[in-house]
Amino acid sequence: MRVIEVAGSRPSRIVVGERLEAVRRYLPPGARVVVVTDENVAAAHRDRFPDAPLLRIGTGEGAKTLDTVRELYHRLMGLEADRSTFLLGIGGGVVCDVAGYVASTFLRGLRFGFAATTLLAQVDASVGGKNGVNLEGYKNIVGTFNQPEFVLCDPEVLRTLPAAELVNGMAEIVKHALIADADLMGYLETHAAGALALDPAVIETLVCESVAIKAAVVGRDEREQGERRKLNFGHTLGHAVERTLGVAHGAAVSVGMAFAAALSVRKGLLSAEEHERILRLMRALRLPGSAAVDCERLKEAVGRDKKRAAAQVHFVLLEGIGRAVVADIPLTELREMIGSFPGIVGTEGAGEAV
Ligand SMILES: NC(=O)c1ccc[n+]([C@@H]2O[C@H](COP(=O)([O-])OP(=O)(O)OC[C@H]3O[C@@H](n4cnc5c(N)ncnc54)[C@H](O)[C@@H]3O)[C@@H](O)[C@H]2O)c1
């Protein structure tokens, strides 16, 4: 078991390799605990939850709404929750984002913590203090910055996770290696098979290293004024691919990372050998490097990213494996690059990550 301290306006601890049933030990003594989870997580792991009132939300992105938040407020009122109430989110990124937002806003703030049950939540969503919900088709447009007191990551709970969900976490681990840790890249290259097989020792290492990278970045820039933008590596095109094709976030980000790596080569920042190494690793981890997608729709979608600043995009490039740099790239250049990127292989009507 390893513990990583996350600096920030409120300190947060990420505990990796602890069993889910041990979460009781991390709850504040005397607190009135309420658990928030979703149907799938409850079905798979309910018997390992602490003995506390259980609030279930629906599953998937569709549950990340203000309606769900309102429902949880009502349920908390019904339980006569007060400032001594501790909200424990047990689930993936959706549960963590919703539970974190409800905890941050109900009674102007309850104490809260998470047990993260997807690989994505363990390496990304539960770290860094962002929480919130979607509104009218815009992702994460309502929310707060607020760190959970702890995040418990049990590699064993990932065994019940549908295989398709693993891609989402794996893509973020690769992202963390590429932007900040050449050693992690080397580890991934030698342990790709173990990672795919969910070898607990490999997963524990990958989660720890990933969390340490994200925690360090967030510690330096909690509110995304600069450094934290590096975490968006692969996400500018990735979000556009996700929106255009409706594929899984991880698959879309993988295509976005391949694109950002190619652009880094074009800018003379990354060597052709490093680029090939990245694509090889992505293949070993079964992450797509290309997408069959209507190029024009994709170009259109890139311009609609909410993180876009005027006609320039804060775009994350690599100046070598393990070193990211944020550059302002004109939208026109980005769109032109999409047209010539070999990883976009589609024509009108095309639609999948390959
Ligand atoms: N706050 C952040 O910094 C941050 C960062 C990245 C992503 N996110 C958010 O995270 C969300 C995606 O998170 P996710 O990929 O974890 O999706 P998710 O929470 O929807 O979980 C994926 C699916 O797996 C099921 N599930 C979860 N754990 C399980 C388990 N152990 N066994 C069986 N089934 C299980 C869930 O019910 C769901 O159907 C998005 O809404 C995204 O915006 C937030």
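**Close-ups of a predicted model**

**View 1. The hairpin made by strand 1 and strand 2.** Look for Val6 first: its bridge partner in strand 2 is Ser12. This is a predicted model, so keep that in mind for every view here. Strand 1 and strand 2 run antiparallel to each other, with 5 bridges holding the pairing. Between the two strands sit 5 residues, and together the pair makes a hairpin.

**View 2. The open sheet, strand by strand.** Here you can walk across 7 strands in the order 1-2-9-6-5-3-4, and the pairing along the way is mixed. At the edges you'll find strand 1 (2–6) and strand 4 (54–57), each of which has a pairing on one side only. Going from one strand to the next, the twist averages 20°.

**View 3. Strand 3 beside strand 5.** Now for a parallel pairing: strand 3 (residues 32–38) and strand 5 (residues 85–91) are joined over 6 bridges. A handy landmark is Val34, which stands opposite Leu87 in strand 5. As you trace either one, remember that side chains in a regular strand alternate between the two faces of the sheet.

**View 4. Helix 2 and helix 7 against the strands.** Helix 2 (residues 66–78) lies across strand 3, strand 4 and strand 5, and its direction makes an angle of about 165° with strand 4. Helix 7 (residues 200–220) lies across another set of strands, namely strand 1, strand 2 (12–16) and strand 9 (150–153). Relative to strand 1, helix 7 runs at about 15°.

**View 5. Helix 5, end to end.** Helix 5 takes in residues 163–180, which makes 18 residues. At 1.5 Å a residue you'd expect a span of 26 Å, and the end C-alpha atoms are 27 Å apart, so the two agree. Helix 5 is also mostly covered, with 13 of its 18 residues buried.

**View 6. Empty space inside.** Rolling a probe the size of a water molecule over the atoms shows where empty space is left. Searching the whole structure turns up 2 cavities of 30 Å³ or more. The largest cavity comes in at about 40 Å³. It is lined by 13 residues, and those closest to its centre are Phe114, Gly129, Lys130, Asn146 and Pro148. Which elements give two or more residues to the lining of the largest cavity? They are helix 3 (93–105), strand 6 (111–116) and strand 7 (130–135).

Terms used:
Residues numbered from 1 in each chain as written. Predicted model: local features only at pLDDT ≥ 70, side-chain atom pairs only at ≥ 80, totals over all residues. Heavy atoms only, no water. Helix = DSSP H or I, 4+ residues; strand = E, 2+ residues; numbered from the N terminus. Expected span 1.5 Å × (residues − 1). Buried < 20%, exposed > 50% of the residue type's maximum accessible area, 1.4 Å probe, protein only. Pairing = 2+ DSSP bridges. Axes fitted to C-alpha atoms, helices over the stretch in contact; angles between N-to-C directions. Contact = heavy atoms within 4.5 Å. 1 Å grid on protein atoms, 1.4 Å probe; cavity = no way out; pocket = protein on both sides within 12 Å on 5 of 7 lines; lining within 4 Å. Points joined across faces, edges and corners; volume = space filled by probe spheres on them.
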